[in-house]
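Here's a quick tour of a protein model, starting with a few single residues and then stepping back to the whole chain. Have a look at it before reading on.

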Amino acid sequence: FGGIGRASRKGILVKGSNFIDALTAVKTVVFDKTGTLTRGVFKVKEVVNLNGFSRSRLLEFAAAAELQSNHPIAVSITNAFQNSGQQVNPAKVSDHIEISGQGVTARYADHSIMVGNDSLLHSESIDHPVCEFDATVAHIAVDGKYAGYITIGDEIKPDAQKALEKLRQQGIDQVVMLTGDNSWSAKAVAGKLKIDSYYADLLPEDKVRIFEELITHSNGEGKIAFVGDGINDAPVLARADVGVAMGALGSDAAVETADVVLMNDSPMKMAEAVSIAKQTRRIIWQNIILAFAVKGIFILFGAMGLATIWEAVFADMGTALIAVANSTRIIGKG
């Protein structure tokens with residue numbers, strides 16, 4: 001109770017003492033990228049128009065296709081178009097379809113538009129000059145013809161690197177990152193944060209498959225925690241030994257599925273959760289050893305006829321009071 005109480009004061013909600021115990025055995029931490037290690041606040045950085053499409057027209061087509069989507073990338077594109085002083089007429093947008101892990105398709109003013117990642121272009125056999133980027137990219141195709149692309153920037157959270165360093169200091173052997181972004185963008189983030197391994201271009205079902213492989217390769221040596229925030233992360237959160245959700249901006253499904261909820265979306269809170277769990281476990285073992293030692297001593301005294309009723313009271317109630325007093329230390333720690 002002391003450990004759970006201290007965690008809650010730090011903005012870490014733990015849904016049971018068994019998860020405090022599980023955190024002490026975690027050896028691998030798997031992070032989602034967008035919204036977990038990065039801010040998840042996207043801004044359009046560059047609009048590259050090709051094949052006779054103007055820059056403003058390209059941005060208009062992209063904004064029209066993304067108008068009905070609430071994905072962070074879609075919001076950044078529609079915001080960029082609106083900031084240019086223009087508006088998309090919703091009446092001209094129809095047949096909007098979201099393709100999980102790839103992008104969207106729609107019709108706009110009698111044009112067929114696709115906006116998505118590289119895999120969407122390949123699945124539709126649309127020729128394009130460049131496949132690899134070191135940033136998040138939204139490709140645009142109009143009437144089956146490649147029109148250009150929009151690069152979208154996301155920032156690494158300021159405490160992400162320090163959080164990973166602290167996790168390693170606490171005995172975490174491996175840090176892994178899973179993301180639906182392209183491999184070049186994932187490689188850039190993994191390099192900056194010195195992440196041990198990463199997997200990119202993942203669909204929601206791919207994340208579960210990769211996580212299962214990580215569990216298999218661990219051979220039961222330590223538990224695996226997953227930290228994520230999106231609705232697509234819910235299946236992995238449920239599968240993890242300890243599922244940790246970013247609660248402030250995370251989806252309801254992720255928060256409900258998770259075993260631990262970080263209320264301010266800071267990766268440092270994950271390191272704090274592990275630290276609190278380990279401190280709690282140390283105090284628990286201190287109490288257990290103290291109880292056995294004191295009771296063992298007074299059992300010997302009793303067997304030799306040296307213990308009175310007062311020694312028996314101390315061995316019972318006194319030991320319990322000392323254990324409670326020792327447990328309060330975890331609440332008072334900063």
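N232 is partly exposed, at 42% relative accessible area (buried means under 20%, exposed over 50% and partly exposed in between, using a 1.4 Å probe and protein chains only). You'll find N232 in the loop that runs from β11 (223–228) to α9 (234–239); helices here are DSSP runs of H or I with at least four residues, strands are E runs of at least two, and both are numbered from the N terminus. T257 sits 25 residues away from N232 along the chain, and their C-alpha atoms are 11 Å apart.

Before going further, note that this is a predicted model, where local features need pLDDT of at least 70 and side-chain atom pairs need 80 or more, while totals for chains, interfaces and linings use all residues. Numbering starts from 1 along each chain as its sequence is written, and side-chain values use heavy atoms, leaving out hydrogens and water.

Now for two loop residues with an unusual backbone angle. Most residues other than glycine have a negative phi. N51 and D143 go the other way, as the table shows.

| Residue | Phi | Loop | Relative accessible area |
|---|---|---|---|
| N51 | about 55° | between β3 (43–49) and α3 (55–66) | 43%, partly exposed |
| D143 | about 55° | between β7 (136–142) and β8 (145–153) | 44%, partly exposed |

What about T24, buried or exposed? T24 is buried, with a relative accessible area of 13%, and its place is in helix α2 (residues 17–24). A polar atom of the T24 side chain lies 2.5 Å from the backbone oxygen of D21. Leaving aside residues up to four places away in sequence, T24 touches A277, K278 and R281, where a contact means heavy atoms within 4.5 Å.

Stepping back, the protein chain has twelve helices and 13 strands. Its radius of gyration is 27 Å, whereas a compact globule of 334 residues would be near 20 Å; that value is taken over C-alpha atoms, and the globule rule is 2.2 Å times the number of residues to the power 0.38. Along the principal axes, the C-alpha atoms fill a box of roughly 100 × 35 × 30 Å.

Buried residues account for 48% of the 334 in the chain. Of the contacts between residues at least 6 apart in sequence, 57% join residues at least 24 apart.

Technical notes:
A polar contact is a pair of N or O atoms within 3.5 Å; within protein, one must be able to donate a hydrogen and the other to accept it, and residues adjacent in sequence count only if both atoms are side-chain atoms.
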